[in-house]
Amino acid sequence: MNEVCFKNLEQKDPWSLKTYEANGGYSVWRKILKGEFTPEQIIDELKTSGLRGRGGAGFPTGLKWSFMPRNADMQKYVVCNSDEGEPGTCKDRDILRYNPHSVIEGMAIGGFVMNATKGYNYIRGEFMEPFYRFEDALKEAYDAGLLGENIDGSSVSFDLYTHLGAGAYICGEETALLESLEGKKGLPRFKPPFPANIGLYGKPTTINNTESFASVPDILAKGGQWFADIGVENSGGCKLFSVTGHVNKPANFEVPMGISFKDLLEMAGGIREGRTLKAVIPGGSSTPVLTAEVAMAMTMDYDGIEKAGSMLGAGSVIIMDDSTCMVEALTRLAHFYYDESCGQCTPCREGTGWLYRVLKRIMDGNGKADDIDLLMSVQDKIMGNTICALGDAAAMPVESFLRNFREEFEYYIEHGKSMVKG
Amino acid sequence: MISNKAKKQIDAWVVKYPEGHQSSAVMEALKLVQAENDNRLTPDTIQAVADYLDMPGIAAAEVATFYENYNHKPVGKHTIRFCHNISCMLNGSDELITYLENKLGVKTGEVTKDGLINVKKVECLGACVGAPMFQIGDQYYENLTADKIDEIVDGLK
C-alpha cells in the first residue's frame, strides 16, 4: 500500500522538497537534464507500465503523449487537470497537499517528452490549501534551479504556473478546462480537433490528471515493468481509491490494481456496525451503481469493474448500507448534473432538468405510474447525444439505479413514501 | 473600484499567460474584486475588471455568471458553503444543514440579520473522506457534528 503517489505520506513534512528528494524525487528529472533519457525511451516505459489516465477516462498515458507533434515549430503546452469535483472523488486534493513535487516533476517530464516548455496546473477554485501547497512547492523547485529556462545549463526549459477555477464541475472535462484557462465559460469543444493538435490558445496541448502526472516519476525511476507488475493485466500499477459513505474509516488508499473490493472495504473499516452493504458506486457518481452481491465478487481494476457492469472511473468508491433510500440517493445525483450541466447541448441541458424534476416529484409524493418509463426515456435520449461525457455521466446512474433497485422506485411512486425510511 | 492592491495581485496573474492573453486572468480578477466589494459583483465592477484586462464587458460578464463562486446578490461577511452531495448526504449533511439553519434562524440563501453569515448548499467540494464538510473562506471543515458546527460558527466575527 502507498507505494507511489502516497509513499511519503507518513514522513515529516511530506510536501517538502527535502522529503521528496530523500525518496528519490527529481532523480529522473536530473537525468533528463544530463541528457540520459530520450523522449522515445520515456514513452516506451510509460507504454510498458500500463499507466492509464487516472481522471476517469482511462486512456493509456504513453499513447496520449506520443500523439503530440513534438517537432512542430510552435509553442506547445502541458496541462494538469486538478479540477477534482466528481462526487466521491478526493484523491488529487491529497496528492497536491502531500506530494506536490511529484506532480511538478511529472509535468516537467511531460514537457520534455512533448517538447512543451510551458505548463499549467488547473486547480479547482475551492482547493485553496492544495493551491498554496502547490505554489510553495513550485517556489522550492524554482529556487533549487529545477525549473525555468535552460535548466542547469541544459537545453531543456520548462515553466510551470497555477490557474484557479471558480466553481464548475464541467471544467474537469479537458476541453472545457482549456476554455476556462483561456478566461471563458467552461463550454466543452467539439472533438476533433483534439487538444494534441489544437489545444490551449490554439496550440498543441496534452492534458493529464494529477494522479497520472504524479505516477510518472516513479515509473521512470523504477521502470515501466516494475509498475505494470504491481497491478494486473490491462490495469498496470497501483491506484488511489477514495472510499467514502457508510464505512467506519473513510479514506484514500493507494493499492495495487486488481485488489478485491472485499479487501478494500475491509481497509476502510467495513460497514457501520449493525448494518449491511446494500449498494456500491465504484468509480464516482457518473459510474453505474452495483448491488452488494455483484460488488462483493468484484476486483478493483478496469476489466474487473467493467465485468461487474460499471467503470473504474476516478476510483471513487461510494458505499451505501441498507439504511440508504435509493430514490433519495439518485435524486441527489440527478440534482448534481442538473446544476452542473453547462447548458450547451439541448439533450443534457433539458434532460438533466427533466430527470431531476421527475425524481423530485416522486420524492414529494407526487410520482406518476409511468414516471419510471419517463426517466428511462429521458436518460436514453441524453446518452450519446451530447458534445462531452457529462450527458452520459448524468444518464448512467439513472439507468443503473432503476435497473438494480426498481422496486424502491415503484414503492415510492405507489405509496408516496420511501420503502426504506418510511 | 479596483484598489491598487487588487491591481497588483491581478498583474501577478496576468504575467502567467502569454502576451495578448491577459483575459486568462479574468477569473482571479473577478474573485479579487468581489472580495473587496462586499463579496459580490455588480455590472459596474464586472465592467471595471473587463476594462482593466482590456476585454469586452460581455466576455467578463459571461464568466461572472457562469461560475458558481461569484455572487450577484447580497451575501454575508462569511458564506458557509455546505456540501450536500452523495458522500456528505450519506453521512448526515441534510440533518446538519437543518441544524445550522435553525441555529442561525435563516434558510439557505438568506443572510443573518446582522449581515454576518449566509448558508449555501453546494455540490461536491472534493473532500468526501471527511464528510460531512463545509467551507468558510479558504478553509475546509471536515467530519462535522452539531457540536463542531457550534464551535466554528460561534467563533465567526
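**Cavities, cysteines and the A–B contact**

Reader: Before anything else, which helix gives the largest share of the lining of the largest cavity?

Author: In this predicted model, that share comes from helix 14 of chain A, residues 326-340, which supplies 3 residues of the lining.

Reader: What volume does that cavity have, and how many residues line it?

Author: The largest cavity has a volume of about 150 Å³, and its lining is made of 18 residues. Those that lie nearest its centre are A:R124, A:A168, A:Y169, A:E340 and, from the other chain, B:C124.

Reader: How do the lining residues divide into nonpolar, polar and charged?

Author: The lining of the largest cavity has 9 charged residues, alongside 6 nonpolar and 3 polar ones.

Reader: And how many cavities of 30 Å³ or more does the structure hold?

Author: There are 5 cavities at or above that volume in the structure.

Reader: Switching to cysteines, how many disulfides are there over all chains?

Author: The count over all chains comes to 0 disulfides. Taking A:C5 as a case, the nearest cysteine sulfur belongs to A:C238 and lies 6.9 Å away, so A:C5 is in no disulfide, given that a pair must be within 2.5 Å. A:C5 is also buried, with a relative accessible area of 0%.

Reader: What about B:C83, and why does its sulfur form no bond with that of B:C88?

Author: B:C88 holds the closest cysteine sulfur to that of B:C83, but the two are 3.6 Å apart, which is too far for a bond because the cut-off is 2.5 Å. As for its surroundings, B:C83 is buried, with a relative accessible area of 3%.

Reader: Now the interface: how many residues does each chain bring to the contact, and what area is buried?

Author: Chain A brings 56 residues to the contact and chain B brings 39. The area buried between the two chains is about 3800 Å², with carbon and sulfur atoms giving 57% of that area. On the chain B side, B:F66, B:L90 and B:V129 lose the most area to chain A, and together they make up 17% of what that side buries.

Reader: Last topic, chain B itself: what pattern does it follow along the sequence?

Author: Chain B has 7 helices and 4 strands, and read along the sequence they run α-α-α-α-β-α-α-β-β-β-α. The C-alpha trace of chain B spans about 50 × 35 × 25 Å along its principal axes.

Reader: What percentage of chain B is buried?

Author: Of the 157 residues in chain B, 54% are buried. Among contacts in chain B with a separation of 6 or more, 60% are between residues 24 or more positions apart.

Note on methods:
Residues numbered from 1 in each chain as written. Chains lettered and ligands numbered in written order. Predicted model: local features only at pLDDT ≥ 70, side-chain atom pairs only at ≥ 80, totals over all residues. Heavy atoms only, no water. 1 Å grid on protein atoms, 1.4 Å probe; cavity = no way out; pocket = protein on both sides within 12 Å on 5 of 7 lines; lining within 4 Å. Points joined across faces, edges and corners; volume = space filled by probe spheres on them. Helix = DSSP H or I, 4+ residues; strand = E, 2+ residues; numbered from the N terminus. Nonpolar A, V, L, I, M, F, W, Y, C, P; charged D, E, K, R; others polar. Buried < 20%, exposed > 50% of the residue type's maximum accessible area, 1.4 Å probe, protein only. Contact = heavy atoms within 4.5 Å. Buried area = accessible area lost by both parts, 1.4 Å probe.
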